[in-house]
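Thanks for making the time this morning. I would like to walk through one model with you, going from the whole chain down to a few single residues.

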Amino acid sequence: MVWDPGDSEAKFQGQSLPRFDLGGFAPLLGGLANELTLHPIGFIRTQKQVKFQARHQPQEIEAERNVLELLPGANYEQALQDLAGFSRVWLVWWFHRNTDWRPRVMPPRGPAKRRGVFATRSPHRPNPLGLTPVQLIEIKGRKLILGPCDLVDGTPVFDIKPYIPAYDAFPGESAGWIAEVDAALAVPPKFTVVFSPLAEKQAEWLQAEWQVDFRSRLVELLARDPSPHRTRRITRRDDREFLIGCGAWRAGFTVTDNVVTVQVIEPGYPQRFLHDPAKRNGLPDRDAQLAFLEVWPERP
Ligand SMILES: C[S@@+](CC[C@H](N)C(=O)[O-])C[C@H]1O[C@@H](n2cnc3c(N)ncnc32)[C@H](O)[C@@H]1O
């Protein structure tokens, strides 16, 4: 599917999904084509322009407000009747920024191990449908004011259903490999994270000038496991240093025994991107990155 990224009133341009051979199941569709067509009922507006700004699942403690705007002219006002009494709703949506799927994916949590995509919440699915329970704060006409979510701005939404604890919550069920990873994460972190004087100064500056708390994110990630990992965006920079990317920022670090030393913080985007007027609007923390480069120019 191709989504024309305009405002929430923009239309979908239909594009065929990959055709699957339905074999003996074809008669079940009663002669319908082997595609089942969905149309978005609306689009979500969030502060997250790029994928890495969105959490892997909504962060309930964040004071975030998002707006799901339903399309006009389809009687959705009536369809919303009686929903206001529910404090939470399910959103069924499309990972429209993805173009591919993978049978095995590497989840960001836990060891660098691939898992079958159906055992994960990865966006890279054969039918890229997302499912998110979100707080319903208020309904204003065709707009739903929602709490924290994990969707990027402009994501098409296909359906809304009330979240019903008696039907939808089964806290005692087993959570497979996720439970194993959670148990491993419950033990104290293996690594101590320290900052070089330069990185300390840079982290303080980011927090004080731009309210970017990169420091705690680095400590959270590196104290668990600083080893190279594609989804955690950790790579080897050279013989001595590793590089971790996180949001619009990255950091060079070294590891000696169980001590991770963050050596330097850098903007995640190169100067030519930051100065490119065509890319202006889409770049997260662009102004902060440019200001950072005034203080700490790019290394030659
Ligand atoms: C791990 S998925 C989980 C989504 C949903 N809660 C689920 O379980 O199906 C959440 C991630 O999807 C990505 N994402 C959000 N909106 C997207 C979109 N419209 N297209 C592609 N990826 C998206 C973001 O990187 C976000 O961190």
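What percentage of the 300 residues in the chain are buried? The figure is 23%, and I should say at once that this is a predicted model, so please hear everything that follows as computed from a prediction. The chain has seven helices and 15 strands, and its C-alpha trace spans about 65 × 40 × 40 Å along the principal axes. If we take the contacts with a sequence separation of 6 or more, 63% of them join residues 24 or more positions apart.

Let me begin with the barrel. Six strands form a closed barrel in the order 3-4-9-8-5-10, with antiparallel pairing, and the twist from one strand to the next averages 45°. As a reminder, strands of a sheet pair through backbone hydrogen bonds, either parallel or antiparallel.

Strand 4, residues 66-70, is a convenient place to enter the barrel, and it is mostly covered, with four of its five residues buried. On one side it is joined to strand 3, residues 42-45, by four antiparallel bridges, and within that pairing G42 has L70 as its bridge partner. Strand 4 also pairs with strand 9, again in the antiparallel sense and over four bridges, and here V67 is matched with I145 of strand 9. Elsewhere in the barrel, strand 5 and strand 10 run antiparallel and are joined by five bridges, with V92 standing opposite D159 of strand 10.

Two loops deserve a moment, and I will take them in turn. G154 is located in the loop between strand 9 (143-146) and strand 10 (156-162). Is this glycine buried or exposed? G154 counts as buried, because it has 20 C-beta neighbours inside 10 Å. G154 is also 105 residues from Q49 in sequence, while the C-alpha atoms of the two are 8.5 Å apart in space.

The second loop, between strand 5 (88-94) and strand 6 (104-105), holds R102. This arginine is partly exposed, because 13 other C-beta atoms lie within 10 Å. Setting aside neighbours within four places in sequence, R102 is in contact with V117 and H124. From R102 to I160 the separation is 58 residues in sequence and 27 Å in space, C-alpha to C-alpha.

Now to the ligand, where I will keep strictly to the composition of its surroundings. The ligand is surrounded by 18 residues, the closest being K51, F95, R97, R121 and T155. Sorted by class, that shell comprises six nonpolar, seven polar and five charged residues.

The next part is the open sheet. Its five strands are ordered 11-15-14-13-12, with mixed pairing. Why does one side of strand 11 (192-195) and of strand 12 (234-236) lack a neighbour in the sheet? These two strands stand at the edges and each has a single partner strand, so one side of each is left free of a neighbouring strand in the sheet. On average, neighbouring strands of this sheet are turned by 30° against each other, ignoring direction.

Strand 12 and strand 13, residues 242-246, are paired antiparallel over three bridges, and R236 stands opposite F242 of strand 13. Helix 4, residues 197-210, packs on the sheet and touches strand 11, strand 14 (249-256) and strand 15 (259-267), its direction making about 55° with that of strand 15. Helix 5, residues 214-224, lies across strand 11, strand 13, strand 14 and strand 15, and it runs at about 120° to strand 13.

That packing brings me to the cores. The largest nonpolar core has 21 residues, and F214, L218, I244, A251, F253 and V262 have the most contacts inside it. Helix 4, helix 5, strand 13, strand 14 and strand 15 each supply at least two residues of this core, with helix 5 giving the most, at four residues. If we look at F214 and leave out residues up to four places away in sequence, F214 touches A203, L206, C246, W249 and I265. Apart from this core lies another, of 18 residues, including I41, L146, C149 and V157.

Technical notes:
Residues numbered from 1 in each chain as written. Predicted model: local features only at pLDDT ≥ 70, side-chain atom pairs only at ≥ 80, totals over all residues. Near = placed C-beta within 6 Å. Nonpolar A, V, L, I, M, F, W, Y, C, P; charged D, E, K, R; others polar. Buried ≥ 20, exposed ≤ 12 C-beta atoms within 10 Å, placed from the backbone. Pairing = 2+ DSSP bridges. Axes fitted to C-alpha atoms, helices over the stretch in contact; angles between N-to-C directions. Contact = placed C-beta atoms within 7 Å. Core = buried A, V, L, I, M, F, W, Y, C linked by C-beta atoms within 7 Å.
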